[in-house]
Amino acid sequence: MYSFHHVTFKYDDYILKDFTLDIKEKKIGITGNNGVGKTTLLRLMNGELTPDAGEISINGDTYFVQ
């Protein structure tokens with residue numbers, strides 16, 4: 001399960017702002033155009049980055065797949 005509660009993260013501009021979501025699936029895929037924040041989201045999920053505000057809870061593992 002993946003839980004995002006009021007997560008905010010930005011570089012120069014906001015990537016996530018007061019983002020809340022619960023995903024109950026064991027496996028998910030993240031797709032999108034270049035530069036929209038997919039890698040940042042995965043790094044937040046993996047604990048490589050810390051949100052500016054809010055909390056992320058992960059019950060399981062995250063993987064980067066090319």
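**Exercise 1. Find the residue that follows α1 and give the sign of its phi.**

Solution. Start by locating α1, which spans 38-46; helices here are DSSP runs of H or I with at least four residues, strands are E runs of at least two, and both are numbered from the N terminus. Next, step past the helix: Gly47 follows α1, and its phi is positive, near 85°.

A word on the ground rules: this is a predicted model, where local features need pLDDT of at least 70 and side-chain atom pairs count only at pLDDT 80 or more, while totals for chains, interfaces and linings use all residues. Residues are numbered from 1 along each chain as its sequence is written, and side-chain values use heavy atoms, with hydrogens and water left out.

**Exercise 2. Work out in which order the strands stand in the sheet.**

Solution. First, list the elements from the N terminus: they run β-β-α-β. Then look at the pairing (two strands pair if DSSP finds at least two bridges between them). The three strands form an open sheet in the order β2-β1-β3, with antiparallel pairing. β2 and β3 are at the edges with a single partner strand each, so one side of each has no neighbour in the sheet. Finally, check one pair: β1 and β3 are joined in the antiparallel sense by five bridges, and Thr8 has Ala53 in β3 as its bridge partner.

**Exercise 3. Describe how α1 sits on the sheet.**

Solution. Begin with contacts (heavy atoms within 4.5 Å): α1 packs on the sheet and touches β1, β2 and β3. For the angle, fit lines to C-alpha atoms, for helices over the stretch in contact, and take N-to-C directions from 0 to 180 degrees; α1 then makes about 120° with β1. Now pick out the buried residues of α1 (under 20% relative accessible area, with exposed over 50% and partly exposed in between, using a 1.4 Å probe and protein chains only): they are Thr40, Leu41, Leu42, Leu44 and Met45. Their cover includes β1, β2 and β3.

**Exercise 4. Identify the largest nonpolar core and the elements that supply it.**

Solution. Join buried Ala, Val, Leu, Ile, Met, Phe, Trp, Tyr and Cys residues through side-chain atoms within 4.5 Å. The largest such core has ten residues, including Tyr2, Phe9, Ile23 and Leu44. β1, β2 and α1 each supply at least two of its residues. Now zoom in on Leu44: beyond its neighbours within four places in sequence, Leu44 contacts Phe9, Leu16, Leu49, Thr50, Pro51 and Ile56.
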